[in-house]
Amino acid sequence: MKFTAYARELQGTGASRRLRVAGKVPGIVYGAGEPASIELDHNALYHALKKEAFHSSILEMELGGKVDKVVLRDVQMHPWKQLVQHVDFQRVDNTTRITKKVPLHFVNEAESQAVKFDKCL
């Protein structure tokens, strides 16, 4: 999946609050170089978070005309509203090993002979 992020210069509670009021989400990208503060569009991010692939695959983030490969590390949500408060991404390079949980889905599990005969259903 590919998404677009924008660099942000202002940091702190007040700056993040102003971003959220404007419909943006503050975030950070770290690993494999210098950390970068970013901002993302809230609606696009919220709908992307509904997809399982966004959580478990390598994403392509376009930041300032440069495309980096990243994985989603953390999402902070508002306690009772459907709002994303903050996101963390980690850059991926070919020389560093990372650990990531990936969900597995079994196709035709109910029709499996092992499930039928061993009463695993």
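**A guided look at the barrel**

Guide: Welcome! In this model 6 strands close into a barrel, in the order β1-β3-β2-β6-β5-β4, and the pairing is mixed. Neighbouring strands of the sheet are turned by 45 degrees against each other on average, direction ignored. The model is predicted, with local features needing pLDDT of at least 70 and side-chain atom pairs counting only at pLDDT 80 or more, while totals for chains, interfaces and linings use all residues. Numbering starts from 1 along each chain as its sequence is written, and side-chain values use heavy atoms, leaving out hydrogens and water.

Visitor: How do you know that β2 and β3 pair?

Guide: Strands are DSSP runs (E, at least two residues; helices are H or I, at least four), numbered from the N terminus. Two of them pair if DSSP finds at least two bridges between them. Strand β2 (residues 24-30) and β3 have 6 bridges and are antiparallel, so the rule of at least two is met. Pro 26 stands opposite Glu 39 in β3.

Visitor: What joins β4 to β5?

Guide: A hairpin, with 2 residues between the strands; Gly 64 in the turn has a positive phi of about 65 degrees. Strand β4 (residues 59-63) pairs with β5 in the antiparallel sense over 5 bridges, and Met 61 faces Asp 68 of β5.

Visitor: And which way do β5 and β6 run?

Guide: They run antiparallel, joined by 7 bridges. The bridge partner of Gln 76 is His 86 in β6, and the hairpin joining β5 to β6 passes through 6 residues.

Visitor: What makes you say that α2 packs on the sheet?

Guide: Contact means heavy atoms within 4.5 Å, and α2 touches β2, β3, β5 (66-77) and β6. The direction of α2 makes about 85 degrees with that of β3; axes are lines fitted to C-alpha atoms, for helices over the stretch in contact, and angles run from 0 to 180 degrees between N-to-C directions. Helix α1 (residues 13-21) lies across β2, β3 and β6 (84-91), at about 125 degrees to β2.

Visitor: Why are Phe 3, Phe 54 and Phe 89 called an aromatic cluster?

Guide: Rings of Phe, Tyr and Trp (its six-membered ring) pair if their centres lie within 6.5 Å. By this rule the count comes to 3 aromatic pairs, and Phe 3, Phe 54 and Phe 89 form one cluster.

Visitor: Which elements supply the lining of the largest pocket?

Guide: β1 (2-7), β3 (36-41) and α2 (42-49) each supply at least two residues, and β1 gives the most, with 4 residues. Among the lining residues are Met 1, Phe 3, Asp 41 and Phe 54.

Key
On a 1 Å grid over the protein atoms alone, a cavity is a set of points where a 1.4 Å probe fits but cannot get out, and a pocket is an open set with protein on both sides within 12 Å along at least five of seven lines; lining residues have an atom within 4 Å of a point. Rings of Phe, Tyr and Trp (its six-membered ring) pair if their centres lie within 6.5 Å; planes under 30 degrees apart count as stacked, over 60 as edge-to-face and the rest as tilted.
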